[in-house]
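Got the viewer open? Let's take a walk through this one together, one selection at a time.

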Amino acid sequence: MPRTLRLNDGGSMPALGFGLYKVPLEETERVVAAGLEAGYRLIDGAEFYGNEREVGAAISRAEDVGIARDELTLTSKFWGDPEQTPEAARAAFEATELALGTHVDVYMIHWPRPARNRFVDVWRTLIELQAAGRVRSIGVSNFTAEHLQRLIDETGVTPAINQVESHPWLPQHELRAFHERHGIITQAWSPLGRARVLDDPSIRSIAEGHGVSPAQVIIRWHLQLGGALIPKSTHPHRLRENLDIDGFTLSDDEMAQIAGLETGERTGTHPDDRQ
Ligand SMILES: NC(=O)c1ccc[n+]([C@@H]2O[C@H](COP(=O)([O-])OP(=O)(O)OC[C@H]3O[C@@H](n4cnc5c(N)ncnc54)[C@H](OP(=O)(O)O)[C@@H]3O)[C@@H](O)[C@H]2O)c1
């Protein structure tokens, strides 16, 4: 179960990071500092979360506690509304760099917004940013296999990452198989199903059997599937708990039991529905 994943562009990144969606502005600096102290080295942010300046403030202090900038993977995403154009993407990327006060390591298109039919043009902008050395790796979020295939066919450049909703109720097995064929990392958002899946009786019973928490079982499941994930918590003890998943292994039977929980239920929007 690798904790560092190789990317299809030659780079690498931690499999387990933490996310910052809905972390209130006034708490962001504290949460990022707590995450770094717990041992996380990948931070998932976005222009849309509105807290990149506060992320930057926490990062600027990381060196004081012995964490070098090059140990960190900072991700961000181009929101694409009101405009999803190459010009808007470049401007958003530069605004994010300014807000963070440092470079972005992984930059993604947040949503394909297929009805606008501009995501291939925007992808070309990300390719240019990477070619110019302004960002280490480029990826997408909420892309279906069909959207990914268009990027590959029309630009010849395969995203390194596709960040999509995934948890035991929405394991995304087919999309994961597509990713595997193309060397794309599946990075799960809402990996705990926004905490709803924590109450699932099967997850609770597997957790009791191992003497761990339901969150630890789900995180371990994601990693044993070979994917990446970015659970969010504003609580330092939960941030630590979510990293502490090396003391047990899910058996093949338990992995099969979790696979059986699939309902297709989403906590967020379907990629084709966000315009
Ligand atoms: N690309 C996209 O379109 C997209 C969309 C949504 C999210 N994301 C990214 O994915 C990240 C995670 O998704 P998410 O925040 O929606 O959902 P999530 O990580 O599945 O769940 C977060 C919820 O779980 C709780 N929690 C975390 N660890 C816990 C533990 N050990 N025990 C009990 N409860 C725990 C948190 O509560 P507390 O905070 O109170 O601890 C919070 O309510 C986001 O922060 C964001 O970075 C991306």
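Start with the ligand and select the 28 residues around it; Gly 19, Leu 192, Ala 215, Lys 232 and Ser 233 are the ones that come nearest. Keep in mind as you look that this is a predicted model. Now colour the shell around the ligand by class: you should get 10 nonpolar, 13 polar and 5 charged residues. Which helix gives the most to this shell? Highlight residues 236–243: that's helix 9, and it supplies 3 residues.

**Zoom out**

Pull back until the whole protein is in view. Switch to cartoon and you can look for 10 helices and 10 strands. Along the principal axes, the C-alpha atoms fill a box of roughly 55 × 45 × 30 Å. A compact globule with 275 residues would have a radius of gyration near 19 Å, and the protein, at 18 Å, agrees with that. Of those 275 residues, 44% count as buried. The chain also brings distant stretches together: take the contacts between residues at least 6 apart in sequence, and 74% of them join residues at least 24 apart.

**The sheet**

Next, show just the strands. Strands of a sheet pair through backbone hydrogen bonds, either parallel or antiparallel. Here you'll find an open sheet of 8 strands with parallel pairing, in the order 3-4-5-6-7-8-9-10. The edges are strand 3 (18–19) and strand 10 (228–229); each has a single partner strand, so one side of each has no neighbour in the sheet.

Now select strand 5, residues 73–78. Is it enclosed or open? All 6 of its 6 residues are buried, so strand 5 is largely enclosed by the rest of the structure. Turn on side chains: Thr 73, Thr 75 and Lys 77 point one way, while Leu 74, Ser 76 and Phe 78 point the other way.

Add strand 4 (residues 42–44), which pairs with strand 5 in the parallel sense over 3 bridges. To see how the two line up, pick Asp 44 and look across to its bridge partner in strand 5, Thr 75.

Then move along to strand 6 (residues 106–109) and strand 7 (residues 137–141). These two run parallel and are joined by 4 bridges. Click Val 106 and you'll see Ser 137 of strand 7 standing opposite.

**Some backbone oddities**

Go back to the end of strand 5 and follow the loop that leads to helix 3 (86–100); Pro 82 lies in there. Check the peptide bond from Asp 81 to Pro 82: it's cis, with omega near 15°.

The loop between strand 6 and helix 4 (119–131) holds your next stop, Asn 117. Its phi is near 55°, a positive value in a residue other than glycine. Asn 117 is exposed, with 11 other C-beta atoms within 10 Å.

For another positive phi, go to Ser 190, in the loop between strand 9 (185–189) and helix 7. Ser 190 isn't a glycine either, and its phi is about 45°. Is Ser 190 buried or exposed? It has 23 C-beta neighbours inside 10 Å, so Ser 190 counts as buried.

**Helix 7**

Carry on along the chain and select helix 7, residues 201–210, where the buried residues are Ile 203, Ile 206 and Ala 207. Look down the axis: the three cover an arc of only 100°, which puts them on the same side of helix 7. Spin to the other side and you meet Pro 201 and Glu 208, both exposed.

What do the buried residues of helix 7 pack against? Show helix 8 (214–224) and helix 10 (252–259), and you have their packing partners. Before you leave, click Gly 211, just after helix 7, where phi is positive at about 65°.

**Last stop**

Finish in the segment after helix 10, where Glu 265 lies. Glu 265 has 12 C-beta neighbours inside 10 Å and so counts as exposed. Leaving aside neighbours within four places in sequence, Glu 265 is in contact with Trp 169 and Leu 170. Then draw a distance from Glu 265 to Gly 101, C-alpha to C-alpha: the two are 38 Å apart in space and 164 residues apart in sequence.

Methods
Residues numbered from 1 in each chain as written. Predicted model: local features only at pLDDT ≥ 70, side-chain atom pairs only at ≥ 80, totals over all residues. Buried ≥ 20, exposed ≤ 12 C-beta atoms within 10 Å, placed from the backbone. Arc of directions from axis to C-beta. Contact = placed C-beta atoms within 7 Å. Rg over C-alpha atoms; globule rule 2.2 N^0.38 Å. Near = placed C-beta within 6 Å. Nonpolar A, V, L, I, M, F, W, Y, C, P; charged D, E, K, R; others polar. Pairing = 2+ DSSP bridges.
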